[in-house]
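Please open the model in your viewer and keep the selection tool handy. We will go stop by stop, with something to pick at each one.

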Amino acid sequence: MTYCLGIVTRYGLVLAADSRTNAGVDYISTYQKLFDFSVPGQRVIMLCTAGNLSMTQSVLYSIEQDLKSDELENLHTLPTLYEIARYLGDKIRQVQERDRPWLEKDGIDFRCSFLLAGQILGHRPSLYLVYTQGNFIEATPETPFLQIGETKYGKPILDRTITFETPLDAVAKCVLLSIDSTMKSNISVGPPINLMMYETDSFVVQNQLKLRVGDPYLAKIRRLWEVSVRQAFEQMPDVEWQHYLNEDAHEEVFTD
């Protein structure tokens with residue numbers, strides 16, 4: 001399992017992914033899941049992967065080969081991010097057509113998904129989720145974030161804090177808290193955490209980092225977040241038991 005997250009706002013894009021692919025008592029493996037295929041000054045293209053590792057690696061290999069061999073259609077020639085999303089969906093279908101029957105035969109989950117984000121000269125920044133079937137959806141100002149992998153633990157903070165007008169630095173902070181919340185609840189998600197932040201119309205990914213196990217910033221935000229959540233919880237008003245007991249008694253008298 002993994003957790004990847006992308007957010008698009010008026011000011012740009014933030015993408016992040018953990019690196020864990022397997023977690024057990026005596027075996028943990030990690031692989032990079034966030035990739036940059038940008039051409040500085042012309043187009044920014046970022047990809048996040050989740051799901052069956054052999055499938056996602058095969059798709060990435062096919063994409064890289066198209067770039068190396070200067071195929072007519074590749075990440076650097078297609079004119080819009082929408083068409084790149086279609087191209088990526090076709091690549092997923094091609095790999096699955098070849099490998100899926102053999103994986104299904106042994107009961108292996110073949111599903112995979114991708115986040116595609118970036119900006120091409122002359123177009124606005126965009127964020128897409130490409131499903132294992134090859135179809136896709138786009139993030140909107142009303143729903144500016146998309147997730148793949150282990151999504152449920154990191155979603156509540158996004159629902160409560162992120163809007164299309166949120167500044168990028170705040171988005172990046174929220175993304176890391178979303179990932180930390182997921183790591184706290186699920187051992188199958190873990191560092192290193194890769195993070196990229198792109199500013200609208202800059203056409204270069206100027207900010208990217210890798211946060212490894214034991215990183216001081218990860219430890220700091222986890223500690224501060226836990227303290228803040230606990231303080232907020234303690235400030236919540238108690239349940240007014242007597243109010244509802246009196247209300248129920250009134251209803252019984254009225255009913256009689």
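What follows is a short tour, from the whole chain down to single residues.

**Stop 1: the whole chain**

Keep in mind from the start that this is a predicted model. Show the protein chain as a cartoon, and you should find six helices and 12 strands. Now reduce the view to the C-alpha trace, which spans about 80 × 45 × 45 Å along its principal axes. Colour by accessibility next: of the 256 residues, 45% count as buried. If you draw a contact map, look away from the diagonal, since among contacts with a separation of 6 or more, 62% are between residues 24 or more positions apart.

**Stop 2: the largest nonpolar core**

In soluble globular proteins, nonpolar side chains tend to be buried together. Select Phe37, Ile63, Leu75, Ile84, Leu88, Phe114 and Leu116 and show their side chains; these have the most contacts inside the largest nonpolar core, a set of 26 residues. Which elements supply at least two residues each to this core? Colour β6 (43–51), α1 (53–68), α2 (81–105), β7 (112–120) and β8 (126–130) to see them. The largest share comes from α2, with eight residues.

Stay here and centre on phenylalanine 37. Leaving aside residues up to four places away in sequence, Phe37 touches Ile45, Leu47, Leu60, Ile63, Glu64, Leu67, Leu75 and His76.

Before moving on, pick Ile162, Val171, Leu177 and Leu211. They are included in a second, separate core, which has 25 residues.

**Stop 3: where α1 meets α2**

Hide everything but α1 and α2. Their axes come within 9 Å and cross at roughly 135 degrees, so the two helices are oblique to each other. The crossing in which α1 passes α2 is right-handed.

To see the contact itself, display the side chains on both helices. On the α1 side, select Met55, Ser58, Val59, Ser62, Ile63 and Asp66. On the α2 side, select Tyr87, Leu88, Lys91, Ile92, Val95, Gln96, Arg98, Asp99 and Leu103. Two of these names should be familiar: Ile63 and Leu88 are also among the residues with the most contacts in the largest core.

**Stop 4: two threonines in one loop**

Bring back the loop between α1 and α2, where you will find threonine 77 and threonine 80. Is each one buried, partly exposed or exposed? Threonine 77 is partly exposed, with a relative accessible area of 39%, while threonine 80 counts as buried at 18%.

Their neighbours are worth displaying too, again without residues up to four places away in sequence. Threonine 77 touches Arg43, Glu71 and Leu72; threonine 80 touches Ile120 and His123. For a distance check, draw a line from the C-alpha of threonine 77 to that of leucine 67: the two are 10 residues apart along the chain and separated by 9.2 Å.

**Stop 5: α4 and a residue at 150**

Select residues 168–185, which form helix α4. From its first C-alpha to its last, this 18-residue helix reaches 26 Å, close to the 26 Å expected at 1.5 Å a residue. Helix α4 is mostly covered, with 13 of its 18 residues buried.

Now jump to glutamate 150, in the loop between β10 (145–149) and α3 (155–161). Glutamate 150 counts as buried, at 9% relative accessibility. Add asparagine 186 to the selection: the pair is 36 residues apart in sequence, yet 8.4 Å apart in space from C-alpha to C-alpha.

**Stop 6: backbone details**

Most residues other than glycine have a negative phi, and most peptide bonds are trans. The last selections depart from that pattern.

Start with proline 191 and proline 192, which are joined by a cis peptide bond with omega of about 5 degrees. Proline 192 sits in the loop between α4 and β11 (193–199).

Finish in the loop between β11 and β12 (207–211), which holds aspartate 201; phenylalanine 203 lies in the loop between β11 and β12 as well. Neither is a glycine, but phi is positive in both: about 70 degrees for aspartate 201 and about 55 degrees for phenylalanine 203. Which one is buried and which exposed? Aspartate 201 is exposed, with a relative accessible area of 53%, whereas phenylalanine 203 is buried at 9%.

Notes:
Residues numbered from 1 in each chain as written. Heavy atoms only, no water. Core = buried A, V, L, I, M, F, W, Y, C linked by side-chain atoms within 4.5 Å. Buried < 20%, exposed > 50% of the residue type's maximum accessible area, 1.4 Å probe, protein only. Helix = DSSP H or I, 4+ residues; strand = E, 2+ residues; numbered from the N terminus. Contact = heavy atoms within 4.5 Å. Expected span 1.5 Å × (residues − 1). Axes fitted to C-alpha atoms, helices over the stretch in contact; angles between N-to-C directions. Parallel < 35°, antiparallel > 145°, perpendicular 65-115°, else oblique. Left-handed = near helix turned anticlockwise from the far one by under 90°.
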